[in-house]
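Reader: Please explain the terms used to describe this structure, setting each value against its criterion.

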Amino acid sequence: MAEWTHKDLLDVQNLKREEIELVLETAKSFREVSARDVKKVPALRGKTVVMLFSENSTRTRTSFELAAKRLSADTINISANSSSIAKGETVLDTARNLEAMNIDAIVIRHPSSGVPDVLARHLKASIINAGDGCRAHPTQALLDLFTIKEKLGRIAGLNVGIVGDILHSRVARSNIWALTRLGARVTVSGPATLMPIGIERLGAYVSYDMDEIVRESDILMLLRLQMERQEDKFLPSIREYAKQFGVNRERLKQAKKDILIMHPGPTNRGVELSAEVADGEYSVILDQVTNGVAVRMAVLYLLLGAKK
Amino acid sequence: MSLLIKNAVIVNADQIYQRPQDILVEEGMIAKIAPSLSVGTTVIDVKGKLVMPGLIDMHVHLREPGREDKETIETGSRAAAKGGFTTVLCMPNTTPVIDNAMIVEAILKEARRIGLTNVIPVGAITKGQNGEQLTDMFELRQAGCLALSDDGKTVANSRLMRLAMEYAKMVGLLLIEHCQEPVLWGRGVMNEGDNSTLLGLKGDPGISETVIVARDIELANYLNSRIHMAHMSLKRSVELIRFAKSQGIQVTAEACPHHFTLTDEAVKTFDTNAKVNPPLRTQTDVEAIKQALKDGTIDCIVTDHAPHTQEEKELDFDHAPYGMIGLETAVGLTITELVIPGILSWAQMVEKMSTAPARIVGLANKGVIREGADADMTIIDPEKVWKVRKEDFFSKSKNSPFIGRTLKGAVVTTIYNGRVVYAISPGVV
């Protein structure tokens with residue numbers, strides 16, 4: 001088993017295969033903690049974890065907060081409205097002030113790519129990227145891997161289709177890195193206007209044939225289509241999007257019998273997937289949420305607890 | 001009061017003196033050039049050094065008035081003198097904008113008080129740089145402007161640009177276009193390409209630059225007017241300009257040291273000092289810019305010196321301002337990246353950094369070392385190896401991606417208007 005040597009978790013891009021597997025193994029043991037009657041272990045007692053969220057998030061913030069609390073760490077929440085840029089203070093300055101209060105880790109979500117990297121360079125505290133701009137969302141990718149492995153027993157050799165607004169998706173980018181590193185074959189799809197230049201360089205294939213993707217995929221990851229994209233003129237209409245890329249029961253008839261439907265949430269029912277698919281037998285969307293806590297416990301533990 | 005420069009290896013754009021000369025400077029003019037002179041109240045011996053006509057930077061931001069926390073005419077003048085620049089053209093995106101005679105006169109007055117470099121304000125093409133109404137160009141010319149630009153913005157309205165070209169031609173002013181179609185640009189923060197996809201940052205597609213280059217070439221052709229393209233960053237732009245020149249269209253162009261030394265790889269660490277507009281492009285573009293400087297497609301090297309405070313550059317990559325300082329690193333980068341590898345000769349360096357800018361802007365007595373010319377000279381030690389250090393900058397701002405880089409070739413003395421305005425401390429030489 002690999003040793004964990006990183007101070008921070010910024011992206012899966014800089015994790016080796018064995019390191020990813022170490023996170024998944026560690027998460028497996030923590031999954032059981034959340035199923036107990038008393039959902040707490042003392043692993044991070046005395047540690048302080050700050051949630052610095054400069055962007056709206058219910059799911060990820062709650063998931064991280066539960067993860068930290070179940071490891072007995074103290075947590076503090078700082079949200080966008082109460083902090084930083086509006087007052088003319090840079091994020092770095094905010095973080096330096098937090099560090100002066102002897103915190104151990106900062107879980108950061110920020111609308112601008114690269115902010116976690118800059119903090120990591122300047123601070124001694126561990127920085128955990130909870131989503132930066134369009135660039136990375138490493139714990140989402142890790143929990144997706146965990147869920148796939150749990151359901152299908154393997155990742156290598158699987159065909160994964162990621163469908164939606166790839167251009168603005170940090171989930172897509174992190175998942176391409178993570179899945180390909182573990183040997184899956186990733187095909188991305190979505191409107192050509194939302195397909196970034198050179199995405200193939202990350203290791204993904206590009207296809208606009210949605211029915212073929214549905215037929216060949218072992219896993220379909222559907223991304224949330226932001227309604228603003230239509231206002232930005234990226235799309236003719238949401239209706240047209242649903243028609244070309246939306247997944248409903250009818251379309252799924254041609255899919256493999258054990259296909260997994262995944263979604264990082266929150267879902268736009270009736271756009272990227274129909275309600276019956278979201279709630280149907282192939283959907284593992286709620287398992288992703290459950291596993292998110294265990295994976296984030298593993299990450300916090302490896303960064304803060306395991307080293308001493 | 002006279003100055004005698006002894007043992008000068010004089011480098012002009014069209015000729016390098018085979019033997020060292022002595023240069024006598026009197027009353028701000030080059031009085032005499034001869035193999036051996038022995039007059040002069042002050043004598044400096046420059047044996048082993050190259051003496052070039054004072055360098056001219058057609059594109060700097062001095063930030064005054066309005067953002068004196070970033071730079072002032074005084075600190076910018078000191079940086080210019082240290083960088084070997086005896087003339088700088090300062091861009092009009094100040095607060096208020098340089099769009100009327102009063103501001104031009106105020107800047108000229110302050111620059112003369114400081115007296116370290118020749119500052120020529122560039123007036124705006126449109127009032128307030130709003131892209132709606134032409135400035136009073138005749139009045140700006142009378143006040144001392146030689147060129148106009150809405151730098152930082154393109155004149156997006158094509159009809160207005162046409163009118164600007166017609167009017168500026170009549171008045172006798174050069175137009176400098178910041179080529180970036182605003183809607184295509186969409187406030188991209190780096191080059192659009194593989195690396196913007198990798199980093200999840202909003203890209204500026206190069207076509208934002210090239211469609212304006214192409215448009216202005218067409219306007220200049222149709223109107224038989226001149227146009228100068230600011231800070232060219234792309235292979236495709238170079239190809240368009242090369243074609244336009246081959247057709248005899250009156251287009252000139254400039255490039256910045258960062259566009260012939262750095263690529264968008266420099267952004268990968270989210271270093272906001274590498275955030276600049278137009279953005280750092282690809283290796284293919286870097287090679288094309290170098291080739292274009294060599295073959296004359298690009299006429300001159302400018303710095304686009306753009307000072308920003310540390311606080312601003314500590315913002316996240318999306319919000320940090322565009323730009324980097326350049327006055328104090330341009331000579332070192334040009335020698336290290338272009339002259340030493342043999343892309344430019346020393347004479348070509350003088351052409352790009354002094355003679356061509358003087359010709360394009362219309363400075364008759366500058367850009368050449370000859371008897372009767374203005375006594376602006378830049379003395380260069382071609383062998384000096386030095387390291388770019390944050391603490392050594394004279395500029396008020398320190399936002400340079402070149403900090404830590406080792407360069408060969410340095411300015412040792414700058415003479416402006418017959419006076420030594422910068423000399424490297426003797427201990428360091």
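The exchange below concerns helix packing, domains, the chain contact and a sheet.

Author: The model discussed here is predicted.

Reader: Why are α4(B) and α7(B) called oblique to each other?

Author: The axes of helix α4 (residues 158–171) of chain B and helix α7 (residues 207–223) of chain B cross at roughly 45° and come within 10 Å. Angles under 35 degrees count as roughly parallel, and 65 to 115 as roughly perpendicular. The crossing angle of roughly 45° belongs to neither class, and α4(B) and α7(B) are therefore oblique. Their crossing is right-handed.

Reader: What makes the contact of α4(B) with α7(B), by residue and by class?

Author: From α4(B) come B:Ser158, B:Met161, B:Arg162, B:Met165 and B:Glu166, and from α7(B) come B:Arg215, B:Asp216, B:Leu219, B:Ala220 and B:Leu223. These residues divide into 5 nonpolar, 1 polar and 4 charged. Met, Leu and Ala count as nonpolar, and Arg, Asp and Glu as charged; B:Ser158 is accordingly the polar member of the contact.

Reader: How is chain A divided, and what makes the side of domain 1 that touches domain 2?

Author: Domain 1 of chain A covers 17–136 + 292–305, and domain 2 covers 138–288. Their C-alpha centres lie 26 Å apart. The contact takes 18 residues from domain 1 and 17 residues from domain 2. On the side of domain 1, the elements that give two or more residues are α1 (17–35), β4 (126–132) and α12 (285–305) of chain A. Of these, α1(A) gives the most, with 5 residues. By class, that side has 9 nonpolar, 4 polar and 5 charged residues.

Reader: What makes the side of chain B that touches chain A?

Author: The contact takes 16 residues from chain B and 22 residues from chain A. Helix α6 (residues 194–199) of chain B supplies the largest share of the chain B side, 4 residues. The residues of that side divide into 6 nonpolar, 4 polar and 6 charged.

Reader: Why are β7 and β9 of chain A called edge strands?

Author: The open sheet has 5 strands in the order β7-β6-β5-β8-β9 (chain A), with parallel pairing. Strands β7 (205–206) and β9 (260–262) each pair on one side only, and are the edge strands.

Reader: How do you know that β5 and β8 of chain A pair?

Author: Pairing requires at least two bridges. Strand β5 (residues 159–163) and strand β8 (residues 219–222) of chain A have 4 bridges, in the parallel sense, and the criterion is met. A:Gly161 stands opposite A:Leu220 in β8(A).

Note on methods: Residues numbered from 1 in each chain as written. Chains lettered and ligands numbered in written order. Predicted model: local features only at pLDDT ≥ 70, side-chain atom pairs only at ≥ 80, totals over all residues. Axes fitted to C-alpha atoms, helices over the stretch in contact; angles between N-to-C directions. Parallel < 35°, antiparallel > 145°, perpendicular 65-115°, else oblique. Left-handed = near helix turned anticlockwise from the far one by under 90°. Contact = placed C-beta atoms within 7 Å. Domains from an automatic or database assignment.
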